[in-house]
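User: I'm new to looking at protein models, and I'd like to learn how to read the empty spaces in one. Can you walk me through it?

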Amino acid sequence: MRTLVIIKPDGVRRGLIGECIRRFENYDIKIIGLKMIKVDRESAEKLYAVHKGKPFYDDLINYITSSPVVVSVLEIDLEPENATKLIRKIIGATNPVDAERGSIRGDYGFSITQNIVHASDSEESAAYEIPIFFDEREFVEY
Ligand code: CMP
């Protein structure tokens with residue numbers, strides 16, 4: 001399964017790009033796309049369309065567009081349910097106070113908005129989110 005992982009503005013600003021990537025590389029996970037970008041408003045609104053209307057929506061959009069992020073596509077050699085479980089285990093629960101120690105958010109997260117990483121939460125959301133940031137031709141095979 002392929003999934004989108006974003007190292008968010010706080011992850012980049014705090015120098016956690018390498019740490020995050022390291023944690024994915026510790027598993028049998030292949031990075032097939034990787035780039036640093038500043039997310040524009042249109043892409044942010046697409047990414048977070050499911051949250052439109054929620055009280056935290058504006059903060060979410062302002063935050064993800066505030067400074068550069070690293071977007072990546074990871075290929076995990078597992079069926080979707082287990083791949084999603086593995087990614088969730090590596091990044092930890094959305095709210096850092098609920099995230100296990102040893103997960104990225106559990107070890108480094110400050111707040112639910114500034115929670116360092118985003119990852120697609122299902123095969124369907126990955127299929128929706130990946131094309132927001134990547135063209136199929138950008139992926140490498142190895
Ligand atoms: P992310 O994995 O990027 O997906 C949606 C984001 O919305 C989530 O991380 C959090 O940063 C944010 N979020 C989810 N629930 C809340 C909430 N109750 N209050 C504030 N932010 C939230």
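Analyst: Sure, let's begin with cavities. Rolling a probe the size of a water molecule over the atoms shows where empty space is left. This is a predicted model, and a search of the whole structure turns up one cavity of 30 Å³ or more.

User: How much space lies in that largest cavity, and which residues line it?

Analyst: The largest cavity holds about 60 Å³ of space. Its lining is made of Val5, Ile7, Cys20, Ile21, Phe24, Ile31, Leu34, Ser72 and Leu74. Strand 1 (2-7), helix 2 (17-25), strand 2 (29-37) and strand 3 (69-76) each give two or more residues to that lining. Helix 2 has the largest share, with three residues.

User: How does the lining of the largest cavity divide into nonpolar, polar and charged residues?

Analyst: Eight are nonpolar, one is polar and none is charged.

User: OK, now pockets. What volume does the largest pocket have?

Analyst: A pocket is an open space, whereas a probe inside a cavity cannot get out. Here the largest pocket has a volume of about 610 Å³. It is lined by 27 residues, and the closest to its centre are His51, Thr94, Arg105, His118 and Asp121.

User: Which elements each supply at least two residues of that pocket's lining?

Analyst: They are helix 3 (41-47), helix 5 (80-91), strand 4 (117-119) and helix 7 (123-133). Helix 5 gives the largest share, four residues. Sorted by class, the pocket lining has 12 nonpolar, nine polar and six charged residues.

User: And where does the ligand sit?

Analyst: The ligand takes up the space of the largest pocket. Around the ligand you'll find Lys8, Tyr48, His51, Phe56, Leu60, Thr94, Arg105, Ile112, Thr113, Asn115 and His118. That shell counts four nonpolar, five polar and two charged residues.

User: Which polar side-chain atoms lie a few Å from an oxygen atom of the ligand?

Analyst: For contacts like these, look for pairs of N or O atoms within 3.5 Å. Histidine 118 has a polar side-chain atom 2.9 Å from a ligand oxygen atom, and asparagine 115 has one at 3.3 Å from a ligand oxygen atom. The backbone can take part too: a backbone N or O atom of isoleucine 112 lies 2.5 Å from an oxygen atom of the ligand.

User: How much of the ligand does the protein bury?

Analyst: Compare the ligand alone with the ligand in place. Taken alone, the ligand exposes 450 Å², and the protein buries 77% of that.

Terms used. Residues are numbered from 1 along each chain as its sequence is written. This is a predicted model: local features need pLDDT of at least 70, side-chain atom pairs count only at pLDDT 80 or more; totals for chains, interfaces and linings use all residues. Side-chain values use heavy atoms; hydrogens and water are left out. On a 1 Å grid over the protein atoms alone, a cavity is a set of points where a 1.4 Å probe fits but cannot get out, and a pocket is an open set with protein on both sides within 12 Å along at least five of seven lines; lining residues have an atom within 4 Å of a point. Grid points are joined across faces, edges and corners, and a volume is the space filled by probe spheres set on the points. Ala, Val, Leu, Ile, Met, Phe, Trp, Tyr, Cys and Pro count as nonpolar, Asp, Glu, Lys and Arg as charged, and the others, Gly among them, as polar. A residue is near a molecule or strand if one of its heavy atoms lies within 4 Å of it. A polar contact is a pair of N or O atoms within 3.5 Å; within protein, one must be able to donate a hydrogen and the other to accept it, and residues adjacent in sequence count only if both atoms are side-chain atoms. Accessible areas come from the Shrake-Rupley method with a 1.4 Å probe; for residues, only the protein chains shown count as cover. A molecule sits in a cavity or pocket if more than half of its atoms lie within 2 Å of its grid points.
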